[in-house]
Amino acid sequence: MAPCLPGNGADYQVGPAPGQLAAIDQVPWEKLKAGDTVRIFWRTQPYAGKFMISQKGTAAQPIRVCGVRGPGGERPVVDGNGAKSRAQLAYSNDDAGLGLLHQTRSVVVIKPSGPDDWRWFPEYIQVDGLAIRGATPQNTFTDTHGVLRHYESFGACVWVERGHHIALLDNEISDCTNGIFTKSTDDAIDEGDASQFSVTRDIVIAYNHLHGNGVAGDDHEHNSYVQSVDVTYEFNRYGPLRPGALGSALKDRSVNAVIRYNRIEEGARSLDLVEAEDFPRTALANPAYRQTWVYGNQIAQNGEAGIAIHYGGDHAGAPPGASWGEGIFRKGTLFFFHNTVVIAGTRYPYVFQLSTTEERAQVWNNVIVFRDHPLEAGLRGGQEVGAGYQTGGTIALGRNWISPGWKLNDQYHPLAAPVTGVEQVISGGPLPIELATFTPAPASGAIDSAQAPPAAAAAVKVDWQLLPSGAAAARGIHGAAPDLGAVER
């Protein structure tokens with residue numbers, strides 16, 4: 001990450017030193033311009049604060065909010081608990097002008113301000129190097145009118161309502177209902193606006209540590225929940241959710257999602273890749289909605305709690321021709337390669353859940369380990385779908401290492417769609433990875449065993465990997481061919 005230095009515009013410093021602003025609400029957030037930087041300096045105590053960004057940067061001069069780390073590399077903490085909203089910020093025109101809708105949802109929000117034109121959207125915004133936390137219903141803040149409020153039950157540490165070219169980098173995001181949430185709608189289609197002002201577009205989520213989010217007993221909140229066009233997740237560490245939370249690690253309803261080089265741990269689903277429910281017309285008109293790319297990831301999933309990879313949709317039961325449900329499922333191809341997946345559980349864990357027979361997966365060069373020798377180790381499971389649809393998608397297997405004894409699906413849920421390439425799977429021999437670090441073990445069938453990609457993925461290069469420390473490193477080839485899995489020996 002680039003150090004947190006002044007840009008070409010104004011330099012607003014928040015910190016404990018003389019001459020610096022003492023509190024986050026003292027920053028003139030409503031006046032930021034292209035090239036401006038807000039630098040938040042580490043101090044021993046958290047900043048009780050929250051803010052909104054509504055302006056436009058440029059590609060050459062983004063608006064940046066960044067953390068200056070402490071002597072031990074500590075990120076400055078921005079805590080929504082006990083925060084004070086800046087009185088000059090017009091969060092929205094809702095609730096008789098109180099602007100509570102997004103104040104009560106977020107610590108950081110990127111969206112138009114209340115007085116902005118309906119078609120306005122922020123762009124070229126970067127938030128990096130912060131520890132952001134605290135948007136949960138038990139926590140309180142003081143709103144723009146001086147009233148003490150609780151946060152909503154569905155919110156986020158970082159909420160992007162509208163925005164293009166947004167980068168969320170190198171943050172620790174925790175103790176919120178959702179860690180990151182982005183929203184898109186079809187409003188721009190109704191307005192005939194080619195800029196797609198109502199869509200969050202070109203979102204980069206990289207080098208973050210997301211953990212401890214969600215709501216105990218609820219499956220609607222997640223470590224990240226993204227509904228955007230052109231989103232890249234890379235080099236992130238997804239830790240377990242809040243104890244008792246039933247959400248997923250990474251939930252995505254996007255168009256052209258690329259998920260690569262992440263470490264993803266636990267959740268009801270490690271990856272929950274489902275339909276674009278809030279902007280279906282925009283999504284269905286874009287061919288990239290039919291392709292999702294997942295490669296170079298290290299995935300650890302408790303098979304007793306849920307499945308690893310869900311692809312298709314989750315609001316089932318619609319009749320054919322409806323504008324919701326199965327009619328707007330992804331119905332494309334999940335490209336899944338050079339990942340290492342470790343699944344715990346002793347009963348009936350499985351790897352993939354492809355919602356209908358109109359979803360497909362191409363799966364090659366992965367390592368899939370069923371760690372605990374379960375009763376049945378299933379490659380795929382079914383999903384309840386509406387009348388007129390069949391459950392269970394087609395899987396085309398290339399060369400993969402999969403634990404011995406694996407099944408196409410469990411014996412109680414037969415699926416009609418075919419699985420091809422079974423004869424290419426490698427099983428048996430030494431365990432191909434060290435479970436604690438995900439690094440390849442010597443003398444296993446995964447070493448030097450990778451195949452060339454299919455034609456549809458020939459242009460995609462797997463050039464990076466995560467080290468056990470979590471650092472990113474260039475991935476080379478050490479041998480006659482690349483190794484299977486997310487890490488090269």
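**Exercise 1. Determine which classes of residue line the largest cavity, and place that cavity in the predicted model.**

Solution. By class, the lining of the largest cavity comprises eight nonpolar residues, two polar residues and no charged residues. The structure examined here is a predicted model. The next step is to name the lining: Thr-340, Val-367, Pro-432, Ile-433, Phe-438, Pro-440, Leu-484, Gly-485, Ala-486 and Val-487. The class assignment follows because Gly is counted as polar. As to volume, about 40 Å³ of space lies in the largest cavity. With a threshold of 30 Å³ or more, the count comes to one cavity.

**Exercise 2. Describe Phe-438, one of the residues that line the largest cavity, by its position, accessibility and backbone angle.**

Solution. Begin with position: Phe-438 lies in the loop between strand 38 (419-420) and strand 39 (464-466). Next, consider accessibility. Phe-438 counts as buried because its relative accessibility is 2%, and the cut-off for buried is under 20%. Finally, turn to the backbone. Most residues other than glycine have a negative phi. Phe-438 is not a glycine, yet it has a positive phi of about 70 degrees.

**Exercise 3. Carry out the description for Asp-202, and state whether this residue is buried, partly exposed or exposed.**

Solution. Asp-202 belongs to strand 17, which covers residues 201-206. Its phi is positive, about 60 degrees, although Asp-202 is not a glycine. The relative accessibility of Asp-202 is 31%, so the residue counts as partly exposed; this class lies between the cut-offs of 20% and 50%.

**Exercise 4. Characterise the largest pocket by its volume, its central residues and the classes of its lining.**

Solution. The volume comes first: about 380 Å³ of space lies in the largest pocket. Its lining consists of 22 residues, and those closest to the centre are Asp-219, His-220, Lys-251, Arg-253 and Asp-314. Sorted by class, the lining of the largest pocket has nine charged, seven polar and six nonpolar residues.

**Exercise 5. Assess the overall form of the protein chain.**

Solution. First, list the secondary structure: the protein chain has 40 strands and four helices. Second, compare the radius of gyration with the expectation. A compact globule of 489 residues would have a value near 23 Å, and the protein chain has 23 Å, so the two agree. Third, give the extent: along the principal axes, the C-alpha atoms fill a box of roughly 65 × 55 × 40 Å. Fourth, examine burial and surface. Buried residues make up 58% of the 489 residues. The protein chain exposes about 18,000 Å², of which carbon and sulfur atoms supply 53%. Last, among contacts with a separation of 6 or more, 76% join residues 24 or more positions apart.

Conventions:
Residues are numbered from 1 along each chain as its sequence is written. This is a predicted model: local features need pLDDT of at least 70, side-chain atom pairs count only at pLDDT 80 or more; totals for chains, interfaces and linings use all residues. Side-chain values use heavy atoms; hydrogens and water are left out. On a 1 Å grid over the protein atoms alone, a cavity is a set of points where a 1.4 Å probe fits but cannot get out, and a pocket is an open set with protein on both sides within 12 Å along at least five of seven lines; lining residues have an atom within 4 Å of a point. Grid points are joined across faces, edges and corners, and a volume is the space filled by probe spheres set on the points. Helices (H or I, at least four residues) and strands (E, at least two) are DSSP runs, numbered from the N terminus. The radius of gyration is taken over C-alpha atoms; the globule rule is 2.2 Å times the number of residues to the power 0.38. Buried means under 20% relative accessible area, exposed over 50%, partly exposed in between (1.4 Å probe, protein chains only). Contact means heavy atoms within 4.5 Å. Accessible areas come from the Shrake-Rupley method with a 1.4 Å probe; for residues, only the protein chains shown count as cover.
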